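Subject: Structure handover

Dear colleague,

Here is the structure I promised to pass on. My notes on it follow below.

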Amino acid sequence: MQKMVWLGCLALIGGMMTLTSTSVIANEPVPSISDIMVELNNSKKGIHPKFGKLLKGKSEIKWETLTDDAKLYADLAAALGKNKPEKGDEASWKKLCSEYAADAKALSEAVAKKDLEGLKKAHAKLSKSCGPCHDAHQP
Ligand code: HEC
């Protein structure tokens with residue numbers, strides 16, 4: 001019985017944590033470029049390196065566990081272009097952001113379809129997106 005109560009508590013805390021992490025996108029204003037980059041690309045906790053490790057690893061992919069991260073990837077990448085970078089011209093920013101959002105959407109769709117080749121392809125494209133955008137727009 002005691003154990004059940006504990007499990008209940010854990011489930012509740014888990015639920016609250018999910019809520020706070022998704023509220024990043026639910027809330028106005030739009031998350032900043034920096035927030036989006038940290039959430040997606042932080043080398044330790046970011047979603048992009050997390051997928052990278054998984055794709056390099058040998059263990060079988062548990063698709064169900066990737067759905068939330070994949071959706072957040074697509075949503076945050078889509079929000080990036082609503083920001084205005086401190087550096088670089090607007091046309092270039094719009095173009096790079098729309099490519100980034102399209103690749104993240106492809107990643108999310110590949111996860112939904114359990115399409116390993118599609119996931120690898122989208123992830124590889126996203127891995128190559130960093131340099132060009134940072135060169136043009138990172139202050
Ligand atoms: C479409 C443009 C774009 C793409 C693509 C992009 N970035 Fe960024 N990134 C930026 C900009 C602009 C900044 C600077 C944000 C600032 O300082 O306000 C930044 C900042 C960062 C930061 C510093 C965040 C912080 O404030 O602590 C990291 C880390 C980062 N990017 C990693 C990556 C990685 C890794 C990739 C590729 C997998 C990537 N970015 C792809 C535009 C982009």
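Helix H4 has 14 residues and runs 20 Å from its first C-alpha to its last, close to the 20 Å expected at 1.5 Å a residue. Please keep in mind that this is a predicted model. The buried residues of H4 are Ala70, Tyr73, Ala74, Leu76, Ala77 and Leu80. As background to that list, an α-helix has 3.6 residues a turn, so residues three or four places apart point the same way.

Overall picture

The chain has six helices and zero strands, and along the sequence it reads α-α-α-α-α-α. Of its 139 residues, 19% count as buried. Among contacts between residues at least 6 apart in sequence, 60% join residues at least 24 apart.

On confidence, the average pLDDT of the chain is 88, and 80% of the residues score at least 70. Residues 15-20 are a stretch to treat separately: pLDDT stays under 50 there, and the model has zero contacts for them beyond four places in sequence.

Helix H5 and the core

H5 has 23 residues and reaches 33 Å from its first C-alpha to its last, close to the 33 Å expected at 1.5 Å a residue. Its buried residues are Trp93, Leu96, Cys97, Tyr100, Asp103, Ala104, Leu107, Ser108, Ala110 and Val111. What do the buried residues of H5 pack against? They pack against helix H4 (67-80) and H6.

The largest nonpolar core holds 23 residues, of which Tyr73, Ala77, Leu80, Ala104 and Leu107 touch the most other members. Two or more residues of this core come from each of H2, helix H3 (47-56), H4, H5 and H6. H5 gives the most to this core, with eight residues.

Leu107 is a useful place to look at the packing. Neighbours within four places in sequence aside, Leu107 is in contact with Ala70, Tyr73, Leu119, Ala122, His123 and Leu126. Of these, Ala70 and Tyr73 are also listed among the buried residues of H4.

The ligand

Which residues are closest to the ligand? They are Ser34, Met37, Asn41, Cys130 and Cys133, out of 20 residues that surround the ligand. The elements that give two or more residues to this shell are helix H2 (33-41), helix H5 (90-112) and helix H6 (116-137). H6 gives the most to the shell, with seven residues. By type, the shell divides into 12 nonpolar residues, eight polar and no charged.

Three single residues

Lys114 sits in the loop between H5 and H6, just after H5, and takes a positive phi of about 50°. Most residues other than glycine have a negative phi. Lys114 has its positive phi although it is not a glycine, so you may want to look at that loop on screen. Is Lys114 buried or exposed? Lys114 counts as exposed because it has 12 C-beta neighbours inside 10 Å, and the cut-off for exposed is 12 or fewer. The C-alpha atoms of Lys114 and Ile61 are separated by 9.0 Å, with their positions 53 residues apart along the chain.Gly52 is in helix H3. Gly52 counts as partly exposed because it has 16 C-beta neighbours inside 10 Å. The C-alpha atoms of Gly52 and Lys120, which are 68 residues apart along the chain, are separated by 8.8 Å.

Pro132 lies in helix H6. Pro132 counts as exposed, with 12 C-beta neighbours inside 10 Å. Pro132 and Leu96 are 36 residues apart in sequence, and their C-alpha atoms are 8.3 Å apart in space.

Regards

Key:
Residues are numbered from 1 along each chain as its sequence is written. This is a predicted model: local features need pLDDT of at least 70, side-chain atom pairs count only at pLDDT 80 or more; totals for chains, interfaces and linings use all residues. A residue is near a molecule or strand if its C-beta atom, placed from the backbone, lies within 6 Å of it. Helices (H or I, at least four residues) and strands (E, at least two) are DSSP runs, numbered from the N terminus. Ala, Val, Leu, Ile, Met, Phe, Trp, Tyr, Cys and Pro count as nonpolar, Asp, Glu, Lys and Arg as charged, and the others, Gly among them, as polar. pLDDT is the predictor's confidence in each residue, from 0 to 100. Two residues are in contact if their C-beta atoms, placed from the backbone, lie within 7 Å. The expected span of a helix is 1.5 Å times one less than its number of residues. A residue is buried if 20 or more other C-beta atoms lie within 10 Å of its own, exposed if 12 or fewer, and partly exposed in between; C-beta atoms are placed from the backbone. A nonpolar core is a set of buried Ala, Val, Leu, Ile, Met, Phe, Trp, Tyr and Cys residues joined through C-beta atoms within 7 Å.
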